[in-house]
Every structure is written in structure tokens, then in C-alpha cells.
Amino acid sequence: MHEDAREPGIENGPVSDGYRSGFVAVVGRPNVGKSTLINALVGAQIAIASSRPETTRKAIRGIVTTGNAQLVLVDTPGIHRPRTLLGQRLNDVVDESLNDVDEVAFLLPADQEIGPGDRRILSRLRSEFSRKDKVTGRFVWRVPLIAVVTKIDELSRKELMDKLVEINAFADFADVVPVSALKRDNVTEVQQVLIDHCPQGPQMYPDDQVTEENPEDTIAELVRGAFLEELDDELPHSLAVVVDGIDRPGESDNPATEDGKAHVTVSIYVERDSQKPIIIGRHAEHLVAVKKRLRTAVNRIVGQKSKLDLHVKVAKGWQSDPKQLQRLGF
């Protein structure tokens, strides 16, 4: 069990009769819907849900609290073969997020064939969480492995049934549950299956807490996700976002807060000078679009009306530079 999250000061509660709690690693190859599912379960946008693969860069913890259970969902970057130092760091994040979890939700898309990436993940999970029975040859898991079949809205009922049979035979899953997080179809059932396989344990976080991320990190992730969507395929994944500060009226010397709004100063880093105008857009159209898209979300995170101040900067070759990666939070 994740010992550091069950210490005094993290809202440890008494172990109620039948109360369940635990950490759930949400794994899968890139672009299978991990962030979309976590956002749907939590009921708030805490992870980037993008159509672009390899979007998640941090093990964001989403917290789902019900009357009899609490799930802490660990969103992992898609497991992939690293091509840069950043890619290796992302795989390291996956390793860390798999430490001491209570169950694993393995996401497999209904609209795609089981492929080498899925087999690589299964092999990794087996080495981490199972042993092979010498008599039966079957894998015995020390934590429940749940297959979550995503994007079911893409299939007919017969196609879905065939896919569920195929996935059930793929590994020794403790449970197989289908879902369309985008259409919110069967989300409640996924939540209940994850709760059913959690051990008994105390409530670890307050009822109203939905993430372990601080406001700065959450806003940075949302800004990066918004640019990835806004720019579509124009920009590679050489984009990093850092929130430099949140200045609130009455709490800051920043004269900009005299308008009564909190000012959120954000630095957007690219690797080359030629990428700056792509981010900014003609007449700053991309900056304006991102600000408009995130206005409500940022207001909620900050807790009041706010304004995003976006600044585009160049950090040459940051994806392979250890010092710059550290400065940018990786």
C-alpha cells in the first residue's frame, strides 16, 4: 500500500466496516483514453484529454470519493519506446506510479486490434505484479488486473461481444468492463468494479478533493492540452508549460490585479525560434483561442475570476537536456 498517503495530515479516517480505498494505476498504450476515463470518473477535468497520442506527462492522481469508498486514480504517461531523454523520464514516471498500487486498470480500445504495444505492457505488468504457477502455467496476480475496454461507442453490439471475448482471453483478468468515457456510457459500472476490487481501508483525502495536483500544475497541464488541440498536427511534442505565478487581488504587489482578477502568468516553451509564431498564431489567434477555451476551467481552479497571461519562449533542445528538463518540472 502507498504508505506516504496514509500518514497523519492526509485526512486519515477510521476504517469503517466495509469501507474500501486504494490506489489504482491506469495503464495502456498512448491514446487509449486514460485521461478521458479519469476525468469522467472524477467528474472534473484534471488530466489532459487529447486526441494526440502521448499527451500525459505526469502521474496525475484523480480522487473519487463515494459513501463507502475512495479511489485514487494514477494516470500514467503511455508506455512507449523512448526516443529522447524526456521519453525515458516519462517511462520512469510509469515505473514510479506502479509502485505499491492496489489494483491495475489496463485500458484496451474496443476499436483497435490487440497489438505489440499491449503485449509489451502486459509483459511489464506480469513482471511487476505476478508469478507463474509451476503446475498450471497460469499467472497468479498479487493485485487485481482489470481490463477496461474503452471506446465501445465505435462498435455494434455483436462486435463488442466478440471484442470482450477476445480481450478476456488475452490475459488472466480479474474482471472485464466496457466503457465509453466520452459518451459517459457505463462509467458508473467501471467505478463500481474498481471499488469492488479495492481492499478495505480508510478514507485518505477530504470528500471534496478531486486531485493531488496543485493549482499551478493543473493549469499548466490544461494550457498544454489546449495548445495541442488548437494546433492539431502543426506542432510536435516539443511543448512545455510552466505556471510562473498566480497573483491574487489584495495578496500581490502586481498592479495588474487592480482589475479585481487573479492573474495567472504562464510560460510556454518550444525548442526552436521557428515554432514561436506557430504557437502565437496570426494576430495572436492561438493565444486568444486558448485563453477563451480555458477561462471557465481556470476560474474554477483559482476560485475566482482570473486572467491568463501567456508568454511564448524558446528553450533550445530541452527534451534532451537534463538541466532544462529539471527546470521545466520533469
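A salt bridge is a side-chain nitrogen of Lys or Arg within 4 Å of a carboxyl oxygen of Asp or Glu. The legends below describe close-up views of a predicted model.

**View 1. Arg138 and Asp172 form a salt bridge between two loops.** The side chains of Arg138 and Asp172 meet at 3.0 Å, N to O. Arg138 sits in the loop that runs between strand 5 (130-132) and strand 6 (139-141). Asp172 belongs to the loop between helix 4 (157-170) and strand 8 (175-178). The pair therefore ties together parts that are 34 residues apart in sequence. Asp172 is partly exposed, with a relative accessibility of 23%. In the whole structure, a search finds 7 salt bridges.

**View 2. Glu221 and Arg224 form a salt bridge within helix 6.** Their side chains are 3.7 Å apart, N to O. The two residues are 3 places apart in helix 6, which means that about one helical turn separates Glu221 and Arg224. Glu221 has a relative accessible area of 6% and is buried. Arg224 is buried as well, at 2%.

**View 3. Glu230 and Arg293 form a salt bridge between helix 6 and helix 8.** The side chains meet at 3.8 Å, N to O. Glu230 lies in helix 6 and Arg293 in helix 8, so this salt bridge ties together parts that are 63 residues apart in sequence. Glu230 is partly exposed, at 26% relative accessibility. Arg293 is also partly exposed, with a relative accessible area of 45%.

**View 4. Strands 9, 10 and 11 make an open sheet of 3 strands.** The strand order is 9-10-11, and the pairing is mixed. Strand 9 (240-247) and strand 11 (306-314) are the edge strands; each has a single partner strand, so one side of each has no neighbour in the sheet. On average, neighbouring strands of this sheet are turned by 20 degrees against each other, direction ignored. Strand 10 (residues 262-270) runs parallel to strand 11, and 9 bridges join them. Across this pairing, Ile268 stands opposite Val312 in strand 11.

**View 5. Helix 6 and helix 8 pack on the sheet of strands 9, 10 and 11.** Helix 6 (residues 215-231) touches strand 9, strand 10 and strand 11. The direction of helix 6 makes about 135 degrees with that of strand 9. Helix 8 (residues 285-302) likewise touches strand 9, strand 10 and strand 11. The direction of helix 8 makes about 130 degrees with that of strand 11.

**View 6. The largest nonpolar core has 31 residues.** Within this core, the residues with the most contacts are Val104, Phe106, Leu125, Leu145, Phe170 and Phe173. Two or more residues come from each of strand 1 (20-27), strand 3 (69-75), strand 4, helix 3, strand 7 (145-150) and helix 4. Leaving out residues up to four places away in sequence, Phe106 touches twelve listed positions that include Val27, Ile121, Leu125, Leu145, Phe170 and Phe173. Another core, of 26 residues, lies apart from the largest one and has Ile219, Val270, Ile279 and Val298 among its members. In soluble globular proteins, nonpolar side chains tend to be buried together.

**View 7. Ala110 is buried in the loop after strand 4.** The loop holding Ala110 lies between strand 4 (103-109) and helix 3 (116-129). The relative accessible area of Ala110 is 4%, under the 20% limit, so Ala110 counts as buried. Beyond its neighbours within four places in sequence, Ala110 is in contact with Val149, Thr150, Lys151, Ile152, Leu155 and Lys163. Val179 is 69 residues away along the chain, and its C-alpha atom is separated from that of Ala110 by 9.2 Å.

**View 8. Lys34 in helix 1 reaches the backbone of Gly28.** Helix 1 spans residues 34-42 and includes Lys34. The Lys34 side chain reaches the backbone oxygen of Gly28 at 3.2 Å. Lys34 counts as buried, at 6% relative accessibility.

**View 9. The protein chain contains 9 helices and 11 strands.** Of its 330 residues, 49% count as buried. Among contacts with a separation of 6 or more, residues 24 or more positions apart account for 71%.

Note on methods
Residues numbered from 1 in each chain as written. Predicted model: local features only at pLDDT ≥ 70, side-chain atom pairs only at ≥ 80, totals over all residues. Heavy atoms only, no water. Pairing = 2+ DSSP bridges. Helix = DSSP H or I, 4+ residues; strand = E, 2+ residues; numbered from the N terminus. Axes fitted to C-alpha atoms, helices over the stretch in contact; angles between N-to-C directions. Contact = heavy atoms within 4.5 Å. Buried < 20%, exposed > 50% of the residue type's maximum accessible area, 1.4 Å probe, protein only. Core = buried A, V, L, I, M, F, W, Y, C linked by side-chain atoms within 4.5 Å. Polar contact = N/O pair within 3.5 Å; in protein donor to acceptor, adjacent residues only side chain to side chain.
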